[in-house]
Amino acid sequence: MFRFLSRFFSNDIAIDLGTANTLIYVRGKGIVLDEPSVVAVQSGTGGKSKIVAVGTEAKKMQGRAPRNIEIVRPMRDGVIADFTIAERMLGMLIKKAIQGNSVVPPRVVICVPGGATQVERKAILDSAFAAGASSVHLIEEPMAAALGAGLPIEDTAGSMVVDIGGGTTEIGILSLGGMAYSASVRAAGDEFDKSIVHYLRRHRGVLIGEATAEELKKTIGSASGFATETAMRIKGRDLAEGTPKSLAITSEEVREALSETVNQIIRAVLLALEQAPPELAGDIADRGIMLTGGGALLHGMDTVLADATGLPVGIADQPLNCVAYGAGKALDYIGKWNAVFVDNP
């Protein structure tokens, strides 16, 4: 009876704690929060500091904050880089997501990169418990992505998913409800943005912020050519003169800037296929590869992967939300389907 009442009065939640964005799924409601994993911290006297904004409001301050406010991204490469800030961010976002509707602390499922160390996993567990969770279960991002994309992971036949997120690209081969192979590559959305910043600094002599680089990526970025190439006008700082500068950047330039990171992802996928057991490799040859994550939306990413592997490549219906939806589905398997979860450290 107590367990029934606990489930009735609580809001079990699943969290896609990403480098770029944090998504929170509440059982029975779906995704209720999708905000940047960004925190604005104001320094105070005596070394004390306070959080003045989290998520969207904090990101609006990026590049514009006064000297006494630091914009912090507590997640790096899919894992916690700043434990204290991450814990406070999680607590604020969880409180915002459940909005006081939970009488008892929620059970929480959190996604972790396949390559996360035991220390990194423990940091995520500790942050969630400190934020008010009653229990915490970890699920690898490729597993969550596969669940969210609707892949038949319980089948004997294997499935393959490539989730291109903000900090990492997660590659998984799944069979019989478990992971047969997983890999985490630190080449993803953030690296795309940094590549554009570095390219324009080196080749055009102009310095831009990562927000402008992200806009270029989303607007005219591609992994393969457009039918009609285009350009976008941006503003930055001329490195030679030190003055503001407006200039047009072509889609060809952005594609060249992104090419090395795209190639890193392709190499990681090819390595996964090489290391897959022969029977599962045959299954993947029939079923193909499923792309999820924000990077799946980069124009031509599916095409270059298909060309490199010789396999059919599909894009999930809602690639940005697949991991969060999959983690939400995993809530139903707590205590029932343990192969879905990573053993707690």
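This passage describes the domains, sheets and inter-domain contact of a predicted model.

The domain assignment of the protein chain divides it into domain 1 (38-72), domain 2 (157-186 + 259-317) and domain 3 (189-257). Domain 2 is thus given as two segments, 157-186 and 259-317. The C-alpha centres of domain 2 and domain 3 lie 27 Å apart, and their contact draws on 15 residues from domain 2 and 15 residues from domain 3.

In the region of domain 1, an open sheet is built from three strands in the order β5-β4-β6, with antiparallel pairing. The edge positions are held by β5 (49-54) and β6 (69-72); each has a single partner strand, so one side of each is left without a neighbour in the sheet. On average, neighbouring strands of this sheet are turned by 30° against each other, direction ignored. Strand β4 (residues 39-43) runs antiparallel to β6 and is joined to it by four bridges; within this pair, V41 stands opposite E70 of β6. Helix α3 packs on the sheet and touches β4, β5 and β6, its direction making about 45° with that of β5.

Helix α3 also takes part in a salt bridge. A search of the whole structure finds 15 salt bridges, among them one in which the side chains of E35 and K96 meet at 2.5 Å, N to O. This pair links distant parts of the chain, with E35 in strand β3 (residues 30-36) and K96 in helix α3 (residues 83-98), 61 residues apart.

Strands β12 and β13 form a hairpin with two residues between the strands. Strand β12 (residues 169-175) pairs with strand β13 (residues 178-185) in the antiparallel sense, over seven bridges. In this pair I171 of the one strand stands opposite A183 in β13. In the hairpin, L176 takes a positive phi near 55°.

A further open sheet consists of three strands in the order β14-β15-β16, again with antiparallel pairing. Here β14 (206-207) and β16 (244-250) stand at the edges, and each has a single partner strand, so one side of each lacks a neighbour in the sheet. The antiparallel pairing of β14 with strand β15 (residues 231-238) comprises two bridges, and L207 stands opposite R237 in β15. Helix α7 (residues 210-220) packs on this sheet, where it touches β15 and β16; the direction of α7 makes about 165° with that of β15.

The interface of domain 2 and domain 3 was examined next. The two domains bury about 1,100 Å² between them, 60% of it on carbon and sulfur atoms. On the side of domain 2, the residues that lose the most area to domain 3 are T261, L298 and H299, which together account for 46% of what that side buries. Zero salt bridges are found across the interface of domain 2 and domain 3, whereas seven residue pairs are found in polar contact there, both residues at pLDDT 80 or more. Helices α8 (251-275) and α10 (301-309) each supply at least two residues of the side of domain 2 that touches domain 3. The largest share of that side, four residues, comes from α8.

Conventions:
Residues numbered from 1 in each chain as written. Predicted model: local features only at pLDDT ≥ 70, side-chain atom pairs only at ≥ 80, totals over all residues. Heavy atoms only, no water. Pairing = 2+ DSSP bridges. Contact = heavy atoms within 4.5 Å. Axes fitted to C-alpha atoms, helices over the stretch in contact; angles between N-to-C directions. Domains from an automatic or database assignment. Buried area = accessible area lost by both parts, 1.4 Å probe. Salt bridge = Lys/Arg side-chain N within 4 Å of Asp/Glu carboxyl O. Polar contact = N/O pair within 3.5 Å; in protein donor to acceptor, adjacent residues only side chain to side chain.
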